Amino acid sequence: MDTLVTTQWLAANLDQPDIAIVDSSAFLPTDGREPRAEFLQAHIPGARFLDINAVADKSNPAPHMLPSAADFGRAMGELGVGRDDRIIVYDNSPLRTAARGWFMFRHFGAERVAILDGGFQKWRSEGRPVESGQAKPRKARFDARARDVEVVTKEAILAGPGAPILDARGKARFEGTEPDPRPNVGAGHIPGAKNLPFASLYRADGTLKSDEELRAAFDQLRVDPAEPFIASCGSGVTANSLIFAAHRLGGRHGKLYDGSWSEWGADPATPKAKGPA
């Protein structure tokens, strides 16, 4: 199975017993949308909802930080998603949060994980079937094992990141000309970071751009997607689109700064830069 599947492929494979479809939609606090409520109203048949705000380390003040392996495995067992399933993640969000779901499943040991190209937006535009209500129960076991080498901490960056930092936020938030949507979080970016807005990797219909276009986006910043780099964003969600794009180009070394700007910008002791990179 490819790591990026089409709506046509999923429609043809909906009834396969090892297919687990997961909606990992999430929104900014200022969006005024409730992803679980939208899921209950309409979702792809057989899908189940991964709440990235709930399946998280609640002891950390930063939003939706990655949970422990034990907590993730327990939550996926209850959700009905197994580690050995063919997991198809999609979203209905302008933030393209399927990439966060894709990263989480792979980070905790799943090998067969794909993103639905274009997500729920494309699925519905093609008139494909949907259902409402709670997901049907499904027996599953997820023996989670965290791949900690894929995640970078604030302390590691302060000590010297040793790799380029790519910030997936929009230009205005990166340069500090627009305030952060979260309270008590400063403006700007990590000194030395480069700006690669996640939205620039997608077409208007939500599908991922071609490999040639993705490579050009990295080339423009003089970053080799096949070499190690650190992806950051507002709160560790949209950064995963950068990691996924690099993965599509053969890269396997993209690391996530999970705390991202919600952690860095809220800490008065961290250095902050404004303006263009």
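These legends accompany close-up views of a predicted model.

**View 1. The five-stranded open sheet.** Here the strands run in the order β1-β5-β4-β2-β3, with parallel pairing. The edges belong to β1 (4-5) and β3, each of which has a single partner strand, so one side of each is left without a neighbour in the sheet. As a reminder for this view, strands of a sheet pair through backbone hydrogen bonds, either parallel or antiparallel.

**View 2. Where β2 meets β3.** Take a closer look at one end of the strand order. Strand β2 (residues 19-23) pairs with β3 in the parallel sense, over two bridges. If you would like a residue to start from, find Asp 23, whose bridge partner in β3 is Phe 49.

**View 3. Helix α4, enclosed by its surroundings.** Ten of the ten residues of α4 (residues 98-107) are buried, so the helix is largely enclosed by the rest of the structure. The buried residues include the aromatic-bearing stretch of Trp 102 and Phe 103, as well as Met 104 and Phe 105. Arg 100, Arg 106 and His 107 are buried too. The helix lies across β2, β4 (86-90) and β5 (113-116), and runs at about 175° to β5. Just after α4, look for Gly 109, which takes a positive phi of about 110°.

**View 4. The cavity lined in part by α4 and β5.** How many cavities of 30 Å³ or more does a search of the whole structure find? There is one, and about 130 Å³ of space lies in the largest cavity. Its lining is made up of 14 residues, and those nearest the centre are Asp 91, Ile 115, Leu 116, Tyr 202 and Gly 206. Both α4 and β5 supply at least two residues of this lining. By character, the lining residues divide into eight nonpolar, three polar and three charged.

**View 5. Ala 47, a buried loop residue.** Ala 47 sits in the loop between α2 (35-41) and β3 (48-49). Is Ala 47 buried or exposed? With 0% relative accessibility, Ala 47 counts as buried. Around this residue you will find its contacts Ile 21, Phe 39, Tyr 90, Glu 131 and Ala 135, leaving aside residues up to four places away in sequence. Pro 129 is 82 residues from Ala 47 in sequence, and the two are 12 Å apart in space, C-alpha to C-alpha.

**View 6. Asp 143, a partly exposed loop residue.** The loop between α5 (119-125) and β6 (151-152) holds Asp 143. Its relative accessibility is 35%, so Asp 143 counts as partly exposed. Setting aside residues up to four places away in sequence, Asp 143 touches Arg 83 and Phe 108. Measuring sticks aside, a handy reference is Pro 17: Asp 143 and Pro 17 are 126 residues apart in sequence and 19 Å apart in space, C-alpha to C-alpha.

**View 7. Positive phi at Asn 184 and Arg 222.** Most residues other than glycine have a negative phi, and most peptide bonds are trans. Asn 184 is not a glycine, yet has a positive phi of about 65°. This residue lies in the loop between α7 (171-175) and β8 (194-195) and is exposed, with a relative accessible area of 73%. Arg 222 also has a positive phi, near 60°. You will find Arg 222 in the loop between α8 (211-220) and β9 (229-232), where its 77% relative accessibility makes it count as exposed.

Technical notes: Residues numbered from 1 in each chain as written. Predicted model: local features only at pLDDT ≥ 70, side-chain atom pairs only at ≥ 80, totals over all residues. Heavy atoms only, no water. Buried < 20%, exposed > 50% of the residue type's maximum accessible area, 1.4 Å probe, protein only. Helix = DSSP H or I, 4+ residues; strand = E, 2+ residues; numbered from the N terminus. Contact = heavy atoms within 4.5 Å. Pairing = 2+ DSSP bridges. Axes fitted to C-alpha atoms, helices over the stretch in contact; angles between N-to-C directions. 1 Å grid on protein atoms, 1.4 Å probe; cavity = no way out; pocket = protein on both sides within 12 Å on 5 of 7 lines; lining within 4 Å. Points joined across faces, edges and corners; volume = space filled by probe spheres on them. Nonpolar A, V, L, I, M, F, W, Y, C, P; charged D, E, K, R; others polar.
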